[in-house]
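Subject: Structure for you, with notes

Hi there,

Here is the structure I promised to pass on. Please have it open while you read, and my notes follow below.

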Amino acid sequence: MLAGSCRRLFRRQFRQVEKDDISQETATELHSAKLRSEFPSMVKKTNNYQIILSSLLYKSPRTFHPLFSPIMPIEIPKGNSLKDLFSLKDKVVVVTGASGPRGIGLEAARGCAEMGGNIAITYFSRREGAEANAKALQEEYGIKAKAYKCDTSKWNEVQELVANVIADFGKIDSFIANAGRTADAGVLDGSVEDWENIIQADLNSVFYCAKAVGPHFKEHGKGSFVITASMSGHIVNYPQEQTSYNVAKAGCIHMARSLANEWRDFARVNSISPGYIDTGLSDFVDEETQQGWNRLIPMGRSSDPKELKAAYVYFASDASTYTTGADLRIDGGYICR
């Protein structure tokens, strides 16, 4: 009874705030004064009236003043079967960094296409490879696919990518921020430019993708943002020195957690932390070092990229509508040791 009366009181108050366009500071004073006059016995027990307001208003509708940050839960999916939950039919998925002949991005795109999703992939320099991948996806799975040139380390190009995909496909349902690069030097051996290049390519680029697609998710009230992080965000690789890469990937993991909270009303955000994956990026590493890596992995081998695609489908689809802020490690057990 008391809580209902208090909620009705503040509904009227907030509507007046919005109508008169007064500041949050003024609104706070009004709320405080009103609360003290209407519910003196409650206020007498605590000097922090905002605690009282929060406790009474946590179930309030979305129209309440943003001062109290009401939450509108992401809806439960309508489908019941696994087939329906994992389906991406009529959905649009963006995958950055999917221009190579093999790799995580390509397999993420392939997995989403297998489940009926229309796919937008990006490339930085390998235009022919990206266009060939897009064509193969269309022909094999009967979906719409298109390749876009985008240097994800440049904000203006990421903005343009999102705008172009929406113009061509009509919307974006899921965005997989996968593009990145590896480091080949530690702090002392590498230059300042080396450090900045890795942070820009592996961390800031993910921020650009989130910043560009986030408003679209918010406008439509739904979306899934998936970040390719790395087990290197959890541990320190040995024997190679790659502090910049480790720091960037640790940042990606925590960015996913932070965005999951920030975007809680309208989108889910998760990360995937692969271990050693046979994408070709490590082909330059000598055989002895690669064998040393395998000895540190309980499963005794690196992964084939196709062993990751189901994880991306899970996060991109309605199968994961109650999963946000999670980091899925796919590392053959490396972190267990």
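Let me begin with helix H12, whose buried residues are Lys 309, Ala 311, Tyr 312, Val 313, Phe 315 and Ala 316. That makes six of the eight residues in H12, so the helix is mostly covered, with buried meaning under 20% relative accessible area. Please keep in mind that this is a predicted model.

What covers those buried residues of H12? The cover includes two helices, H5 (82-86) and H6, along with the strands E4 (174-177), E5 (224-228), E6 (268-274) and E7 (327-330).

For the wider setting, the chain has twelve helices and seven strands. Of its 337 residues, 47% are buried. Taking the contacts between residues at least 6 apart in sequence, 73% join residues at least 24 apart.

Back to H12 and its neighbour H6. Helix H6 (residues 104-114) packs against H12 (residues 309-316) at an angle of about 55°, and the two axes are 8 Å apart. H6 and H12 are therefore oblique to each other, and H6 passes H12 in a right-handed crossing. On the H6 side, the contact is made by Ile 104, Glu 107, Ala 108, Arg 110, Gly 111, Cys 112 and Glu 114, while H12 brings Lys 309, Tyr 312, Val 313 and Ala 316. By class, the residues of this contact between H6 and H12 come to six nonpolar, one polar and four charged. Lys 309, Tyr 312, Val 313 and Ala 316 of H12 thus appear both in the contact with H6 and among the buried residues of H12.

H6 has another partner in helix H7 (residues 127-141). Their axes come within 10 Å and cross at roughly 25°. Because angles under 35 degrees count as roughly parallel, H6 and H7 are put in that class. This crossing, too, is right-handed, as H6 passes H7. Here Leu 106, Ala 109, Arg 110, Ala 113 and Glu 114 of H6 meet Asn 133, Leu 137 and Tyr 141 of H7. The contact of H6 with H7 holds five nonpolar, one polar and two charged residues. Arg 110 and Glu 114 of H6 are worth a look, as they are listed in the contact with H12 and also in the contact with H7.

Next comes the pair H9 and H10. The axes of helix H9 (residues 192-220) and helix H10 (residues 243-262) come within 8 Å, crossing at roughly 15°. H9 and H10 are therefore roughly parallel to each other, and H9 passes H10 in a right-handed crossing. H9 contributes Trp 195, Ile 198, Ile 199, Asp 202, Leu 203, Val 206, Phe 207 and Ala 210 to the contact, and among the H10 residues in it are Tyr 245, Val 247, Cys 252, Met 255 and Leu 259. In full, the contact of H9 with H10 divides into 13 nonpolar, three polar and two charged residues.

Finally, the cysteines. How many disulfides does a search of the whole structure find? The search finds zero. Cys 209 is in no disulfide, and the nearest cysteine sulfur, that of Cys 150, is 6.7 Å away. Is Cys 209 buried or exposed? With a relative accessibility of 2%, Cys 209 counts as buried. Cys 112, which takes part in the contact of H6 with H12, is likewise buried, at a relative accessible area of 0%.

Best wishes

How values were computed. Residues numbered from 1 in each chain as written. Predicted model: local features only at pLDDT ≥ 70, side-chain atom pairs only at ≥ 80, totals over all residues. Heavy atoms only, no water. Disulfide = S-S within 2.5 Å. Buried < 20%, exposed > 50% of the residue type's maximum accessible area, 1.4 Å probe, protein only. Axes fitted to C-alpha atoms, helices over the stretch in contact; angles between N-to-C directions. Helix = DSSP H or I, 4+ residues; strand = E, 2+ residues; numbered from the N terminus. Parallel < 35°, antiparallel > 145°, perpendicular 65-115°, else oblique. Left-handed = near helix turned anticlockwise from the far one by under 90°. Contact = heavy atoms within 4.5 Å. Nonpolar A, V, L, I, M, F, W, Y, C, P; charged D, E, K, R; others polar.
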